[in-house]
Amino acid sequence: MAQAVAVATPPPHRPGNRRRTGSTPRRLPYLLIAPAALLMLGFIAYPVLSVFYYSLQNFNPAKPWRNGFAGFDNFTKAFTEDPEFWHSLAFSLQWVVVQVVSQLLLGLGLALIVNQTFAGRALSRALVFSPWAVSGVLTSSIWMLIYNSQTGVSRYLADAGIGTYGTSWLSDTASVFPAVVTAELWRGVPFFAILILADLQSVPKDLYEAAEVDGAGRLRQFFHITLPHLKDAIVLSTLLRAVWEFNNVDLLYTLTGGGPAGETTTLPLRIASIAVDSHDFGYASALTSIAFVILLFCSMAYLRLSKFGGQEK
């Protein structure tokens, strides 16, 4: 007798037993990050929109009878009636160019040095990177003591016959710019050194070995291997540092307060003075909006011209 062969048949389809095509719905990751994204959007979008709103208003809590819609009067005042705006903007651009270029060159040099193998390299790296861990207020306090006319460097130089006693480098219009530039370099150079050194660690050693076999010296290796590999790191670090230096307030405000005679007044310092001292929040918001547009346009143009993230041909 032939045995009956049992054929397995699939269970009947039920609406409640619908099989999922994936372990999680596609929208679940977006739903999980939605609260944080909305929170960040609120913290970013609301201040930006409120600044643009107040830039079109006459808003001064000390003079409420003058408050009201101003249109583009605040912007017209900045471009046509406020010479200090142009002076602060010009100094801001000068400050950014000098700081970013100097910090990049010094940071690149330090990164190349501490990337080598030598005795005490770990200690050297710690000394190079330590200023970046110091807060802006503490950095300002350190350099105020260094530049103090009674107990600082100028006192010891005068003892050695260089200069005169009582010289204050932060009060002299001829020396104040190099003085504040030096203080900011001390704090900013480690930023470039850290980023560039991290990227140097990822350069394949085989490239240098092949270049040595082909007879390429250190200079050719630097321009044809090291620099092309560091391109994206340099572009990103210079962009970030340019934005930070443009918005620099703590060090300049603590060391000079924008003086002497407005020689070190950047646009953010000018905005802070108008908002905090004069309580003219409408005009300060207009200057902030102008600074925002300048930074946005320059950042987009810089990334476009530098071809950030693009492949080298």
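The largest nonpolar core of this predicted model has 33 residues, and Phe85, Ile196, Phe246, Leu267 and Leu287 touch the most other members. At least two residues of this core come from each of H2, H3, helix H7 (176-200), H9, helix H11 (267-277) and H12. The most comes from H3, with 8 residues. A second, separate core has 17 residues, among them Val180, Leu252, Leu255 and Leu269.

**Contacts of a core residue**

- Leu267 is one of the residues that touch the most other members of the largest core.
- Beyond four places in sequence, Leu267 touches Phe85, Phe246 and Leu287, which are also listed with Leu267 among the members with the most contacts in the core.
- Leu267 also touches Ser88, Leu89, Ser92 and Ala291, again not counting residues up to four places away in sequence.

**Helix H2**

- Helix H2 spans residues 73-80, and its buried residues are Asn74, Phe75 and Ala78.
- These buried residues line one face of the helix, because they fall within an arc of 100° when seen down the axis of H2.
- The face turned away from the buried side carries the exposed residues Asp73 and Thr80.
- The partners that the buried residues of H2 pack against are helix H1 (28-55), strand E1 (57-58), helix H3 (83-114) and H12.
- H2 also supplies at least two residues of the largest core.

**Phe79**

- Phe79 belongs to helix H2.
- Phe79 counts as partly exposed because its relative accessibility is 40%, and buried would require under 20%.
- Outside its neighbours within four places in sequence, Phe79 is in contact with Phe85, Trp86 and Ile290.
- Of these partners, Phe85 is also named among the residues of the largest core that touch the most other members.
- Phe79 and Gly282 are 203 residues apart in sequence, with a C-alpha to C-alpha separation of 15 Å in space.

**Nonpolar surface patch**

- Trp132, Ile194, Leu236, Leu240, Trp244, Tyr302, Leu303 and Phe308 make a nonpolar surface patch of about 650 Å².
- Two or more residues of the patch come from each of helix H9 (218-246) and helix H12 (281-306).
- H9 gives the most to the patch, with 3 residues.
- H9 and H12 also each supply at least two residues of the largest core.
- Trp244, a member of the patch, lies in helix H9.
- Trp244 is partly exposed, because its relative accessible area is 38%, and exposed would require over 50%.

**Backbone features in the loops**

- The peptide bond from Gly259 to Pro260 is cis, and its omega is near -5°.
- Pro260 sits in the loop between helix H10 (250-255) and H11.
- Ala261 is also in the loop between H10 and H11.
- Ala261 is not a glycine, yet its phi is positive, at about 55°.
- Ala261 is exposed, because its relative accessible area is 77%, and the exposed class begins over 50%.
- His279 also has a positive phi without being a glycine, at about 60°.
- The loop between H11 and H12 holds His279.
- His279 is partly exposed, because its relative accessible area is 35%, and this class lies between the buried limit of 20% and the exposed limit of 50%.

Conventions
Residues numbered from 1 in each chain as written. Predicted model: local features only at pLDDT ≥ 70, side-chain atom pairs only at ≥ 80, totals over all residues. Heavy atoms only, no water. Patch = residues over 30% accessible without salt bridge, like charges linked within 9 Å, V, L, I, M, F, W, Y side chains within 5 Å. Areas by Shrake-Rupley, 256 points an atom, 1.4 Å probe, with all protein chains shown as cover. Salt bridge = Lys/Arg side-chain N within 4 Å of Asp/Glu carboxyl O. Helix = DSSP H or I, 4+ residues; strand = E, 2+ residues; numbered from the N terminus. Buried < 20%, exposed > 50% of the residue type's maximum accessible area, 1.4 Å probe, protein only. Arc of directions from axis to C-beta. Contact = heavy atoms within 4.5 Å. Core = buried A, V, L, I, M, F, W, Y, C linked by side-chain atoms within 4.5 Å.
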